[in-house]
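User: Please take a close look at a single part of this model and walk me through how it is put together.

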Amino acid sequence: MADPLLRVRDLRTYFYTENGVARSVDGVSFEIGAGETVGLVGESGCGKSVTALSLLRLVRPPGRIESTSEILFDGQDLAKLSEKEMRKIRGARMAMVFQEPMTALNPVFTVGDQIAEVVRVHHGGSKKEAWARAVQMLETVGIPAPEQRATEYPHQLSGGMRQRVVIAMALVMNPALVIADEPTTALDVTIQAQILELMRELQQRLGTSILLITHDLGVVAETASRVIVMYGGEIVEEAPVDELFKNAHHPYTEGLLNAMPQVGHERERLATIPGSVPPPTAWPKACRFHDRCPYAWDRCATEHPPLYQIGPGHSSRCHLAEEPERRADKHEPFVVMAGAEGRP
Amino acid sequence: MSSIGPSSRSIVGRLLAHRSARWALAVIALLVVAAIAGPWFTAHAGHEQLDIVKLKNTPPSWRYPFGTDQYSRDLLTRVLLGARISLAVATLAVLLSTTLGTAYGLISGYAGGAVDAAMMRVLDGFLSIPRVLLLIAILTLWNPVPLSGLILLLGATGWFGVSRIVRAQTLATRHLEYVESARALGAGTGRILLRHVLPNIVTPVIVTATLAVGNVIALEAGLSYLGVGAREPTPSWGSIFFDGVEFFAGNWWVVFFPGVAIVATVLAFNVLGDALRDVLDPRQLHRSAPVTPGTQPRENG
C-alpha cells in the first residue's frame, strides 16, 4: 500500500502548567489517506482539538509537542520543521476550518480581502490576481453574486455564509488536508446540513482529505468514512463508520451512541455517561475510562489496555476484547430514565 | 429590513453628528488654521520690538488686539506663533509616544509568557518615575533644549500608558479565532500583528492619543512656565505666559491670552477624545453597519 498522506505516530502534546503536566494528547497514532474523510470524535477535554492544533504546530506555550512524536505529512516530519518551514505548510498544504464563523473572520477587512490575503501570503503575485482568485473561490463555495459579496464585511453576512467564506479561505490554496474543528456546531441545523453537503461535494471535486473534529456522531455518520474516538488523550476506538455504528466495541463509544437522540424514542430521556472526563493532569493509571465504565472489573483498574485489533480496520482499547463474556455482567447500565418527566 | 438612517455614515460623518465633537473639532480646526496661516497676516514679526519706549505693555487696542508685552512685541503675533509651537510639539510628541507604546504593547501582549512578564516589569519601573520630575531633571541638564529635543523627551516619556492599554487589548485579541485562523493559514507574526491585531485594537489607541495631545500641550506649557521648556525668544504658550507673570499686576493681557489659548485647546482635545470614544465604540459601529438593499444577511440554498 502506498504511503498515506498523513501518518501520526505516538503524538504527545503536554502542557506544563503550575498544577502539573497536563497530558492532553498522550500517545496518539493514526493515518489519513489521500482523499479520505476521517472523523475524530470525543467529548470536551478529550484532546481532539489539541490533536488538531498539534498537526499544524499551533500549540502555544506552555504546551509542547514531545520530541518522540512524529507527524509524517507528505513525506516530511512536521514535528521537526522550523517555524518558518511550517508557515509554508499552513494554509497551503494543510489548512484549518474553525468552529465559530462569527469570530473566525477579521471584522475590519472585507471577505474578499481575507481570502486574497491567503493567496498573497503563499503565492505572492498581484493584488488583482489574488482578488480574482478570491472571487472565484467564493463562487466555488456556493455564494451567489461573488463579485459583490467579496467587497462586503463579515458582519454583513449570515452565519452560514460566513462559514462558507471560512471554508473558501481554507481551500483557496488547494491543500491536501483540511482540518475542520467543529465546523457546523455554531450553525442552525438546516445550515449545518448545507455546510456538510458543501464539504462533501468539495472534497469529491478537489480530492482533499478531511479530518473532521466533532462531538456529534450524527455529523460523522453523514460525512466520514472512518472514525477515531478519543478519550482521555488517547484513541480508544477506531473503525470504519458503518462498523462503528453497528458494532461499537469500546464502552465509551457505546455510551456516545446511546447518548444520541433517535427517531421513535421521543418520550425517553437521553442516556448519559455518568461522571466527567478526568483532568489531564491526573489520568487514571490503568484504563482511563474505568471509573465511568459500567463493565469495569478489577483488571481495568490495574492494567492499561492496549489497542486490541478486533476486526478489519477496527481496534478498541478495552480489555473486553480479551474477555468478551464480561460484557454480560454489566453492573450499572447507562442511566436511561424512560419518560420519567413525561412531556404531554 | 431596518430603515436607512444615519447608519451608513463614515466615522467622520458620525463625529460631525456628535454635538460636543462638533464644537471641539471647530475649535481645533480654528487653532490649526490660525497657527498655520495666522502669522502671515499679522503686521509684525514675533520677535519684532515695536517701540521699546512708547509701546511697552500697551493694553489691547484695535491696532494691537492682544496688547503688547514688556518688550513692546505684538502679543497676537506671539500667541499665533505659540500655537504653531505648542500644537506641533504636542502632536509630534504624541505621535512618537503612541508609536512607541503601541509597538511595545503589541510585542509584549502577543509574545506572552516570560517575554511579556519581563517587559511589563520594565514598564512598571518606568511608570514608577514621576514624569514631570523626570522631565525637569533632564531639561535642567539639557538647557536650552532645542524643540526637537523637547519633542523627543515628551514622546519618550509618554508611551507607558498607551503600551499598557495596547498590551491588554492584544492579549484579549490574540486568542480570537481570526487571529488563530490567520496563523493556521500561514501568516507570519508581523502580518498578524499589523493586519489582524492592530486594526482591531486601534480604537482605544486613537482615543488615548487624542487625550494625550491635550495633556502634552498642558505639560509643555507647564515646563516652559517653569523655565525648562521652550525658551525665549521661541514663543510657546507656556513661555509667553511665563514672561507675562512677572509683570502680571499691571498687564493682565500678557497672561490672559496665552492662558485662554491653553485652556481652550486642552479642553477641545479632551472633549474630542471623549467623543471619539463614543463614536468608535464597536457596539455603535455594529449597530450602524451599513444596511442597503441587497446586502442584508440572507441564507442561500
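Analyst: Happy to; here is the packing of two helices in chain A, followed by a short look at a strand of that chain.

This is a predicted model, in which local features need pLDDT of at least 70 and side-chain atom pairs count only at pLDDT 80 or more, while totals for chains, interfaces and linings use all residues. Residues are numbered from 1 along each chain as its sequence is written, with chains lettered from A and ligands numbered from 1 in the order in which they are written.

Helix α3(A) spans residues 111-123 and helix α4(A) residues 127-140 (DSSP runs of H or I, at least four residues; strands are E, at least two). Their axes, lines fitted to C-alpha atoms over the stretch in contact, lie 8 Å apart at an angle of about 120°. The pair is therefore oblique (neither under 35 degrees, over 145, nor 65 to 115). The crossing is right-handed, that is, the near helix is turned clockwise from the far one by less than a right angle.

α3(A) brings A:G112, A:I115, A:A116, A:V119 and A:R120 to the contact (C-beta atoms, placed from the backbone, within 7 Å). From α4(A) come A:K127, A:A130, A:W131, A:R133, A:A134, A:V135 and A:M137. By class, eight of these residues are nonpolar, one is polar and three are charged.

Now to strand β7(A), residues 94-97: A:M94 and A:M96 point one way, A:A95 and A:V97 the other, and all are buried (20 or more other C-beta atoms within 10 Å). Four bridges join β7(A) to β8(A), residues 177-181, and the two strands run parallel. Within β8(A), A:I179 is the bridge partner of A:M96.

Methods: Axes are lines fitted to C-alpha atoms, for helices over the stretch in contact, and angles run from 0 to 180 degrees between N-to-C directions. Two residues are in contact if their C-beta atoms, placed from the backbone, lie within 7 Å. Ala, Val, Leu, Ile, Met, Phe, Trp, Tyr, Cys and Pro count as nonpolar, Asp, Glu, Lys and Arg as charged, and the others, Gly among them, as polar. A residue is buried if 20 or more other C-beta atoms lie within 10 Å of its own, exposed if 12 or fewer, and partly exposed in between; C-beta atoms are placed from the backbone. Two strands pair if DSSP finds at least two bridges between them.
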